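Colleague: I'd like a close look at one part of this assembly, the place where two of the chains meet. Could you walk me through it at bench level?

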Protein chains: 8
Amino acid sequence: MEQNVNFDYQRGERTGIPEAIFCEGKTKETILGLLEKFSSEGAPPVLFTRLAADIFHDLKRKFQKQYRYDETAGVAFRQPLNQEIYGKVAIVSAGTSDANIAWEAAKTLEYLGIRTEVFEDCGVAGLWRLQARLAEINDCQVIIAIAGMEGALVSVLAGLTPRPIIGVPTSIGYGVCEKGKTALRSMLSSCAPGISVVNIDNGYGAACFAAKILMTFSSIQP
Amino acid sequence: MEQNVNFDYQRGERTGIPEAIFCEGKTKETILGLLEKFSSEGAPPVLFTRLAADIFHDLKRKFQKQYRYDETAGVAFRQPLNQEIYGKVAIVSAGTSDANIAWEAAKTLEYLGIRTEVFEDCGVAGLWRLQARLAEINDCQVIIAIAGMEGALVSVLAGLTPRPIIGVPTSIGYGVCEKGKTALRSMLSSCAPGISVVNIDNGYGAACFAAKILMTFSSIQP
Amino acid sequence: MEQNVNFDYQRGERTGIPEAIFCEGKTKETILGLLEKFSSEGAPPVLFTRLAADIFHDLKRKFQKQYRYDETAGVAFRQPLNQEIYGKVAIVSAGTSDANIAWEAAKTLEYLGIRTEVFEDCGVAGLWRLQARLAEINDCQVIIAIAGMEGALVSVLAGLTPRPIIGVPTSIGYGVCEKGKTALRSMLSSCAPGISVVNIDNGYGAACFAAKILMTFSSIQP
Amino acid sequence: MEQNVNFDYQRGERTGIPEAIFCEGKTKETILGLLEKFSSEGAPPVLFTRLAADIFHDLKRKFQKQYRYDETAGVAFRQPLNQEIYGKVAIVSAGTSDANIAWEAAKTLEYLGIRTEVFEDCGVAGLWRLQARLAEINDCQVIIAIAGMEGALVSVLAGLTPRPIIGVPTSIGYGVCEKGKTALRSMLSSCAPGISVVNIDNGYGAACFAAKILMTFSSIQP
Amino acid sequence: MEQNVNFDYQRGERTGIPEAIFCEGKTKETILGLLEKFSSEGAPPVLFTRLAADIFHDLKRKFQKQYRYDETAGVAFRQPLNQEIYGKVAIVSAGTSDANIAWEAAKTLEYLGIRTEVFEDCGVAGLWRLQARLAEINDCQVIIAIAGMEGALVSVLAGLTPRPIIGVPTSIGYGVCEKGKTALRSMLSSCAPGISVVNIDNGYGAACFAAKILMTFSSIQP
Amino acid sequence: MEQNVNFDYQRGERTGIPEAIFCEGKTKETILGLLEKFSSEGAPPVLFTRLAADIFHDLKRKFQKQYRYDETAGVAFRQPLNQEIYGKVAIVSAGTSDANIAWEAAKTLEYLGIRTEVFEDCGVAGLWRLQARLAEINDCQVIIAIAGMEGALVSVLAGLTPRPIIGVPTSIGYGVCEKGKTALRSMLSSCAPGISVVNIDNGYGAACFAAKILMTFSSIQP
Amino acid sequence: MEQNVNFDYQRGERTGIPEAIFCEGKTKETILGLLEKFSSEGAPPVLFTRLAADIFHDLKRKFQKQYRYDETAGVAFRQPLNQEIYGKVAIVSAGTSDANIAWEAAKTLEYLGIRTEVFEDCGVAGLWRLQARLAEINDCQVIIAIAGMEGALVSVLAGLTPRPIIGVPTSIGYGVCEKGKTALRSMLSSCAPGISVVNIDNGYGAACFAAKILMTFSSIQP
Amino acid sequence: MEQNVNFDYQRGERTGIPEAIFCEGKTKETILGLLEKFSSEGAPPVLFTRLAADIFHDLKRKFQKQYRYDETAGVAFRQPLNQEIYGKVAIVSAGTSDANIAWEAAKTLEYLGIRTEVFEDCGVAGLWRLQARLAEINDCQVIIAIAGMEGALVSVLAGLTPRPIIGVPTSIGYGVCEKGKTALRSMLSSCAPGISVVNIDNGYGAACFAAKILMTFSSIQP
């Protein structure tokens, strides 16, 4: 009885998003093995997410240097996909504690060949911070809005912009924040239309969704 | 075996808030009986809340005219408590659907002899509506902020005002709004300090809490 | 003390989506009043959602005929917004019980001046039904996928298409379906990237989000 | 006061499934003691589940070599039950992260003297992986289908096969996956009939249920 | 824009279970229309479940008499499938309140051409009731066990029989019974192996699962 | 600002149960300090619960030997209360994993001067184990029944005995067992009357409740 | 196929509590049939609970007059059990809204031949009401304490009395009261030992438990 | 791409409460960096909360001595705000386990320049402890009441005092206490009016809310 592992290499072709490897919950050995395997020139493109710094730094130097690795984001890849994508994604976060999710989204988009602009620390407790950046945010075609606790940033932003907003609730907070469930329900319950939401802490998923939008419109651009 | 009903008439003296009768879930007969009983001149002051219009209008005319009844609020009382209270309470609501709770709070405060100012329809989907009224709101000493769905109004307001805010989540919304639980958790999770919260749809409780604040400071006023 | 109702007429200009009126939970009198008020030529454009047939049909004939009303969708409006929008939205539903939500989305998009194609009864219990329509679905730029129960349609579709998918969980099902919460969590937990989700039964919200995508790319089209 | 431990040695005779020892939550000392006790020739047959590798490897060598131990499965037993069982069980899993549960089921069945075929990595994000193996899967009499996250594999499979499917939700995933509860509810809510479900991560229970089916039909075979 | 309804007529061939129509939540008009449509000789076989007596009795007499309808079960069909199936299913219920679910299962099996034996009122509050029928129950090849409240019947039965047990939690009970969720979790948590479970009140699903077992072994019988 | 600690020494006199110290969550230093403080002859009687062995064994030898400490129970006290109590409590547990809770109850009762009989490993997966001990159990006046997972033991026992049963759900199990919540709800939902329940893992509380029963009847015994 | 209904007439003998019929959820026809059946002299004793007044009053007069029926309690029985039971049960309730549950308990005990004393309206918002009755309450051997909302009455009482307290949470309240779940959890979490709890609104169950205590001590009384 | 951190230095001016830094979940490096940064004379005032002792004690001595640090509270600040505030806050806690939250509130108020009085160990299991301190408590203008488990202290206190009470549920307790959720719901469900509530363990938030009350009335004091 041996394990049959089926990598779905055609996924990129079929859906626009190549396979990614979610490292959380996998053993160090498994992760290091995969990093080695996909480090060579000919290997198909793969994105590693939730990759802890202490694991990555245990990878042999010669393999490490094949990868771009961002510690805040916990993301590694060999090189961005080589595609010409129209437009830009705004990544707006409520607080400094949301940084790892914001950068997971940013680095995933970088890997997919898409431009981003990151606007951190725009939480509604100080509204002026959001209002000061609004014109720049509206210059992007899609907004990823990231917030924990009560997630009010997303509602407020939706009342101010004509752009589609992808809400990412984060697991920041304690007590009734319930590890992000309150932010999630809050975003889904928003009184302002034009919001859709991904799983808690799913910066990667928000990036893929934003990418699918931009890819769709780039492919039909003359 | 007979039922022993203990009205707690000393409660007003002990806590500042006389006994109130919550009508929801009581039979029509019981409610009409109580309305008759407390309609006479000598009866102790009592506040009826969640009193449906169709029940109140079935009360005999001679008893009906002893009461001030507000249909939106579902609140009835014979006359306001005769006390000199310093200050004013701002009642700010997010949407028209929150009206019954906003007015339950307003009428309870009226009964307790406290001045109020009501600011309806200030939800964050159109931020300018709140910002336009901010100076007036800040002229009050205590704010009751009422919102359903994701309840973001409360967080936004807390970032803009130095006044204490009592959040009242309402059961407005569907799906993950979960009959007010999302608004409740959202308010408790707020990223902005200076908020405390009462039960879902509890306009009465918020009013009592606000009243206790103003009564405390009135009693020690020179 | 009179109620201050603040219609947010500038919302359309600011966010691209004019104000809508959610009728569920409002009294018949309120709804009929609003339908009358917005029926005249000069009135600003308004969309009524969750408008029950028996209420609409009690509206005076002369006002009724000012509106386009769809009973399955529970949606009424005077005339579509007059704007030139590029592209088309695919609305894919799992079963016949999801029809009212699917058509709420379709009619909202019609009102916003956006073309749609509706693909009903494509649930995964008979996979061939989805696979047979895939090419047509991919001809649209955005997909709204609607399903109750376990909502597996959305995951399966995301593995087959390069288009962004907006999942709408519906409250179809019993027991652990928990009025749509299982479909909601299932869609958010999807193993396939490129999905984002709106509140349970929120066909209107999905349509607004899809509209914001198409409006964004139409406005920047040469 | 001494502890009275009642091993239920007749259980095998009564129900077809001999007693098993679930090691999770037991102290290392207790587990090692039980492993020693049941290692001798004359001891009744016992299955150890959720047995961590570091505990097993601390067992004295002479006892260790009495057992067949599978690290992925966390399962140990002395020798398979000696019975002639008709048929074969297909074990189908969605992703590599489900391997420990898949092999817990497989090893439990091996212990009970039942043949299995394991099909890993058949998640619906790449449907072709499942469709390519369907004929082989249908050659088995019972299917155990294992998936975490949204568990859509089980619904899809139920629409494709005439075989009974035992769903095993796994605790794979984060956020709203809620440690397997979303996969569990999703499988129970499935739109496709012919599925029943066991507890989260309960590969052992699924195997026992499958075994009871095959044993029933073997015992009545001519 | 017209609705595209896709009946999946090949489902019976593919999975052994022909399409069924779940009437709960459908309008009376829709149900009566479907009952008429499928009442003719040539129509494909269809099972109606959760069909309320008052709706069925409003069907025109000439159509009514085409159907076998059981009021307790809420099930209607034209005639049983014509197939030779080996074996028998025991349907064991805890209390009289579980009757509608027990008979939903029994009638579904009757429609699928499978023999059943029904054992009602065997709840564990009076254990002797179960023990008195055990030999008869064990004469069947598969057991469907139906219970609300705490669902202990299923655990007790699993400790007494070598047959596979399909647990059906029912929504009987109040307070913490939580409309069947306690019985569901209780069955899934059972200390006795050899149980799998379907959705709350899903007598139909349990019957389909049992049928798939018997069909599988009938098809391979010499 | 110094901390005011109010030990409630009169509690024993007022309620029959002297104050106890719940050690879980307290720091090692705090616990050792309290153990020292109450170790002297003149100190009021105190019961320590959830006292981990590694903490107790770090207590200075001269203090240690003042206490009776049971490691399974996690309970320590200086000497039993000196009172003559009529009757005996049966402590019945479902499995070996419930031992720490069963002995927490037993040792608490020993401290309160009450006789107990412990019946371990009587879970319903092997009903004969319970039935074999029933006469002995009925010789006690009060039964404490302890079970995790689905907690069916309590329902079954309530159908067999005329004695009052105090159910103690334990946090044994995984997945939907939800750390004892399923056993708790199951016991509260029991179809058999004559059961009441305490918090999850609360062997101490069950013992106090049983003690209050026996103390009440002892005090009025002639 | 006919329904086999097994009344468990030996239950009274075995457990001290004869079978009872819970009417909620049963059809009017079924209830009237059972009331007729058990109205004759020779019929075994049966208690009807949750029996609505409008149903009882539709029973034929000649059967009606065979029963004692209490409308507040919703309880009917032919005559109390003829047994000599030592002691008395105190039934303490928090508010007038808890009356139906308080009297369900009182009437069940009356049926079982046990004396009760009812203390209504003793909620903690006016502590003096409870303290004034404490001596009388302590004259009983067992206390049933009934409260909705936050259920604090039970904790407070447990700190004041040496008697065992059976808590009955009621479904009184709105919002986070969650139909009695908050009162239930609150009672189970009580900081005061000597409390055990039954299901929400289960006055009947509390009475049976109290009865089992008194019966046990009466049977062994010299 | 560099991170943009926006400290909201105007918050104090706008809302009366300067920015605070919640240390839980931040890395040691980040916290030490911030402590250094804000230790100098000219730096704006900042409050550190949830600051673990082992982290604070790793700060360089010269920075450490710039701060007032309280280990029980986990709170550090350079010096209290220099403002003249009228009145005093009573901090009442139920048990010794609530000390860290009680002192988090006390130290936050000290930082904001507000006087406090702390009353520990006043839980309702020994009512006399609370009643003995009532006059002193009523000498304060605002009460912060802190309790875990079932949180009954808050209800009892609200029935005894005319002062506004801010409830702080704590995560003390096990099983159904659910890490403070039961205390939270219990406080929100209280039968006594005049209570509002903050998030679980949110001593800081309660202090800010109390401060806003006192600041409001100080600013308008002649």
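To get my bearings before the interface of chain F and chain G, how far apart are the nearest C-alpha atoms of chain B and chain F?

Modeller: Those C-alpha atoms are 21 Å apart, and chain B and chain F do not touch. A word on ground rules: this is a predicted model, where local features need pLDDT of at least 70 and side-chain atom pairs count only at pLDDT 80 or more, while totals for chains, interfaces and linings use all residues. Residues are numbered from 1 along each chain as its sequence is written, chains are lettered from A and ligands numbered from 1 in the order in which they are written, and side-chain values use heavy atoms, with hydrogens and water left out.

Now to your part. Chain F puts 35 residues in contact with 35 residues of chain G (contact means heavy atoms within 4.5 Å). Between them, the two chains bury about 3100 Å², and carbon and sulfur atoms account for 64% of that; buried area is the accessible area, taken with a 1.4 Å probe, that two parts lose on being put together, summed over both.

What holds hands across the gap? Chain F and chain G have zero salt bridges between them, a salt bridge being a side-chain nitrogen of Lys or Arg within 4 Å of a carboxyl oxygen of Asp or Glu. Polar contacts do turn up: eight residue pairs, both partners at pLDDT 80 or more. (That term is for a pair of N or O atoms within 3.5 Å; within protein, one must be able to donate a hydrogen and the other to accept it, and residues adjacent in sequence count only if both atoms are side-chain atoms.)

On chain F's side, the elements giving two or more residues to the surface that touches chain G are α1 (11-15), β8 (165-169), α9 (181-188), β9 (195-197) and α10 (203-219) of chain F. The largest share comes from α10(F), with eight residues. Helices here are DSSP runs of H or I with at least four residues, strands are E runs of at least two, and both are numbered from the N terminus. Sorted by class, that side of chain F has 21 nonpolar, 11 polar and three charged residues; Ala, Val, Leu, Ile, Met, Phe, Trp, Tyr, Cys and Pro count as nonpolar, Asp, Glu, Lys and Arg as charged, and the others, Gly among them, as polar.

Then there's the symmetry. A turn of 180 degrees with a shift of 0.0 Å along the axis lays chain F on chain G with an RMSD of 0.0 Å, so the two copies are related as by a two-fold rotation axis. In chain F, the C-alpha nearest that axis belongs to F:V197, 2.5 Å from it. The same surface serves both copies, with 100% of the contact residues of chain F recurring in chain G. The superposition is by least squares on the C-alpha atoms of residues with pLDDT of at least 70 in both.

For a second look, try chain B and chain H. There, 35 residues of chain B are in contact with 35 residues of chain H, and the buried area is about 3100 Å², of which carbon and sulfur atoms give 63%. That pair has zero salt bridges and eight residue pairs in polar contact, both at pLDDT 80 or more. As for chain A and chain G, no contact joins them, and their closest C-alpha atoms lie 13 Å apart.
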